[in-house]
Amino acid sequence: MHCPYCRHHDSRVLDSRVAEDGSSIRRRRECRSCARRFTTLEQMQLVVLKRSGVVEPFSREKVVSGVRKACKGRPVTEAQLARLGQQVEESLRASGQAEVPTADVGVAILGPLKELDPVAYLRFASVYRNYESVDDFEDEIQRLRALHQEAVDHAGSKRRAAEPNPAEQLF
């Protein structure tokens, strides 16, 4: 670690703190030569292992760009896409792996995209999962409908549980 003031190569760590999300470490340092203090931020570099064997740094913008294509013509804002990119990166970092296969990146995209826009999800899943027939689409649509119905049923039961029973109000 070089001092940003005098470029001396040695410093001592005065304080280390892990960021709230656990993705980085903040260190307060003091140069052994000029005694000036500075802060460093250490973050694990997340890399993606492609099918070809090539390793490249993870790019949130690349994730957003791919999802943007699936969302073309859909009511999805740039802010929502940016949030999805952040969710994907956070879930990959939370896995604790420094080297993530592209398949894991695709899986990390599918969950948040399904919640964001079901049509965009189908578009992305059709490419990611290599749908080969209309049956593949129909199966996925049936799964989406079942999940949607579960969510509606769950919300309805919560609402009914919160409503007071008229018979109980008499007393």
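Student: Why is Tyr-131 called buried?
Tutor: Its relative accessible area is 16%. Buried means under 20%, so Tyr-131 counts as buried. Keep in mind as we talk that this is a predicted model.

Student: And what makes Phe-137 partly exposed?
Tutor: Set the value against the limits again. Partly exposed covers what lies between buried, under 20%, and exposed, over 50%. Phe-137 has a relative accessible area of 33%, so Phe-137 is partly exposed.

Student: What makes Tyr-131 and Phe-137 an aromatic pair, and of which kind?
Tutor: Two steps here. Ring centres must lie within 6.5 Å, and those of Tyr-131 and Phe-137 are 4.9 Å apart. Then look at the planes: over 60 degrees counts as edge-to-face, and these planes make 80°. The pair is therefore edge-to-face.

Student: How many aromatic pairs are there by this rule?
Tutor: There are 2. In Phe-124 and Tyr-128, the ring centres are 6.2 Å apart and the planes stand at 15°, so this pair is stacked. The cut-off used is that planes under 30 degrees apart count as stacked.

Student: Where do Phe-124 and Tyr-128 lie?
Tutor: Both are in helix α4, 4 residues apart, which is about one turn of the helix. An α-helix has 3.6 residues a turn, so residues three or four places apart point the same way.

Student: Are Phe-124 and Tyr-128 buried or partly exposed?
Tutor: One of each! Phe-124 has 15% relative accessibility and counts as buried. Tyr-128, at 24%, counts as partly exposed.

Student: Which residues of α1 are buried?
Tutor: They are Val-63, Val-64, Val-67 and Ala-70.

Student: How do you know that the buried residues of α1 line one face of the helix?
Tutor: Look down the helix axis. The buried residues of α1 fall within an arc of 110°, so they line one face. These buried residues pack against α2, α3 and α4.

Student: Which residues touch the most other members of the largest nonpolar core?
Tutor: Val-63, Val-67, Val-88, Leu-92, Ile-109 and Leu-113 do, in a core of 26 residues. At least two core residues come from each of α1 (60-70), α2 (78-94), α3 (102-116) and α4 (118-128). In soluble globular proteins, nonpolar side chains tend to be buried together.

Student: What does Val-88 touch?
Tutor: Leaving aside residues up to four places away in sequence, Val-88 touches Phe-58, Val-63, Ala-108 and Ile-109.

Student: Now the strands. What makes β1 and β3 edge strands?
Tutor: Start with the order. An open sheet of 3 strands runs β1-β2-β3, with antiparallel pairing. β1 (11-18) and β3 (37-43) each pair on one side only, and that makes them the edge strands. Neighbouring strands in this sheet are turned by 25° against each other on average, direction ignored.

Student: How do you know that β2 and β3 pair?
Tutor: Count the bridges. Pairing needs at least two, and 7 bridges join β2 (residues 24-31) to β3. As an example, Arg-28 has Thr-39 in β3 as its bridge partner.

Student: What stands at the edges of the sheet with the order β5-β4-β6?
Tutor: β5 (55-57) and β6 (99-101) do. Each has a single partner strand, so one side of each is left without a neighbour in the sheet. The pairing in this open sheet is mixed. β4 (residues 47-49) and β6 pair in the parallel sense over 3 bridges, and Val-48 stands opposite Val-100 in β6. α3 packs on this sheet, touching β4 and β6, and its direction makes about 75° with that of β6.

Student: What makes Ala-35 and Asn-130 worth a look?
Tutor: Their phi angles. Most residues other than glycine have a negative phi. Ala-35 has a positive phi of about 65°, and Asn-130 has a positive phi of about 55°. Ala-35 sits in the loop between β2 and β3, and Asn-130 in the loop between α4 and α5 (134-162).

Student: Why is Asn-130 called exposed and Ala-35 partly exposed?
Tutor: Exposed means over 50%, and Asn-130 has 57% relative accessibility, so Asn-130 counts as exposed. Ala-35 has 48%, so Ala-35 counts as partly exposed.

Terms used. Residues numbered from 1 in each chain as written. Predicted model: local features only at pLDDT ≥ 70, side-chain atom pairs only at ≥ 80, totals over all residues. Heavy atoms only, no water. Core = buried A, V, L, I, M, F, W, Y, C linked by side-chain atoms within 4.5 Å. Buried < 20%, exposed > 50% of the residue type's maximum accessible area, 1.4 Å probe, protein only. Contact = heavy atoms within 4.5 Å. Axes fitted to C-alpha atoms, helices over the stretch in contact; angles between N-to-C directions. Arc of directions from axis to C-beta. Phe/Tyr/Trp six-rings, centres within 6.5 Å; stacked < 30°, edge-to-face > 60°.
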